[in-house]
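Open the model in your viewer and keep the selection box handy. We will go from stop to stop.

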Amino acid sequence: SGKFKELENIRKIAVLGHDTFTKGKLSFDSVDHVCDLLKLFKKSFDDYGVEHYEAMATSAIREASNRDYIIDQIRLKTGLEIEVISNSEEQFLTHKAIKNDLEDYSTIINEGAVIVVVGAGSIQITTYKDGELQSSQNVKMGALRIREVFGDMEENLLSYHKIIDEYISTNLEGVDFFNQTEEYEHLIAVGGEISIISK
């Protein structure tokens, strides 16, 4: 039928952005940790006889000054070839997944939708109206990046939340969506922090 059936779901978290967003590169320990996690996935592929798969890296590795070293280490220690994808490619794949996951996707983007992708390093805001892409902008202000920029201040400042609010407002001033008078029927939000926000 062309439909996928999920046999097993494996999810492992490695907070790589912490190193990249504070020091500009990944530590040796972080690279070793990533390799250990990727070996588990590789073993699962081998156990199931999976022959076709792709391993991709996004902002935490894309922005790291030692990304070539990281890719080499992963290749040597796991046998996996990592493709570092651009933000545009990352957003394309995310939107493709949303389209695949939502049965009434065509109706939603016809009626008007704002898609917000909250990543560790950035937020992407994309708008659709009458089935057409209206705008798409990336703001380097992801959940982890904000935490790393302001993390030490939280306990020392009474006005911490006000400072965060001003930082976010300033970064969003240049985003087309916030300067539009257009109304949108739907909001689609995806990302690691969304389940927390939705509560």
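Which exposed residues does the face of α5 turned away from its buried side carry? Select Phe 92, Lys 96 and Asn 100: these exposed residues sit on that face. Keep in mind throughout that this is a predicted model.

**Stop 1: helix α5**

Now select the whole helix, residues 87-101. Its 15 residues should span 21 Å at 1.5 Å a residue, and the end C-alpha atoms are indeed 21 Å apart. Next, colour Asn 87, Gln 91, His 95 and Ile 98, the buried residues of α5. Look down the helix axis: these buried residues fall within an arc of 65°, so they line one face of the helix. Why can residues spread along a helix share a face? An α-helix has 3.6 residues a turn, so residues three or four places apart point the same way.

What does the buried side pack against? Show α3 (59-62), α6 (105-111), β3 (113-118), β4 (123-129), β5 (132-139) and β6. The buried residues of α5 pack against each of these elements.

**Stop 2: His 95**

Zoom in on His 95 in α5. Is His 95 buried or exposed? Its relative accessibility is 10%, and the cut-off for buried is under 20%, so His 95 counts as buried. Leaving aside residues up to four places away in sequence, His 95 touches Ile 115, Thr 126 and Tyr 128.

**Stop 3: the sheet**

Select the four strands of the open sheet, which run in the order β5-β4-β3-β6 with mixed pairing. β5 and β6 are the edge strands, each pairing on one side only. On average, neighbouring strands are turned by 15° against each other, direction ignored. Then isolate β3 and β6: they pair in the parallel sense over six bridges. Find Val 116, which stands opposite Ala 189 in β6.

**Stop 4: Gly 192**

Move on to the loop between β6 (186-191) and α9 (194-198), where Gly 192 lies. Gly 192 is exposed, with a relative accessible area of 58%. Draw a distance from its C-alpha to that of Gly 119: the two are separated by 7.0 Å, though 73 residues apart along the chain.

**Stop 5: helix α2**

Finish with residues 28-48, the 21 residues of α2. From first C-alpha to last, α2 reaches 31 Å, close to the 30 Å expected. Its buried residues include Val 31, Val 34, Leu 37 and Leu 38, and also Lys 42. The buried residues of α2 pack against α1 (17-23), α4 (67-78) and β2 (82-84). Last click: Gly 49, which follows α2 and has a positive phi, near 75°.

Terms used:
Residues numbered from 1 in each chain as written. Predicted model: local features only at pLDDT ≥ 70, side-chain atom pairs only at ≥ 80, totals over all residues. Heavy atoms only, no water. Helix = DSSP H or I, 4+ residues; strand = E, 2+ residues; numbered from the N terminus. Expected span 1.5 Å × (residues − 1). Buried < 20%, exposed > 50% of the residue type's maximum accessible area, 1.4 Å probe, protein only. Contact = heavy atoms within 4.5 Å. Arc of directions from axis to C-beta. Pairing = 2+ DSSP bridges. Axes fitted to C-alpha atoms, helices over the stretch in contact; angles between N-to-C directions.
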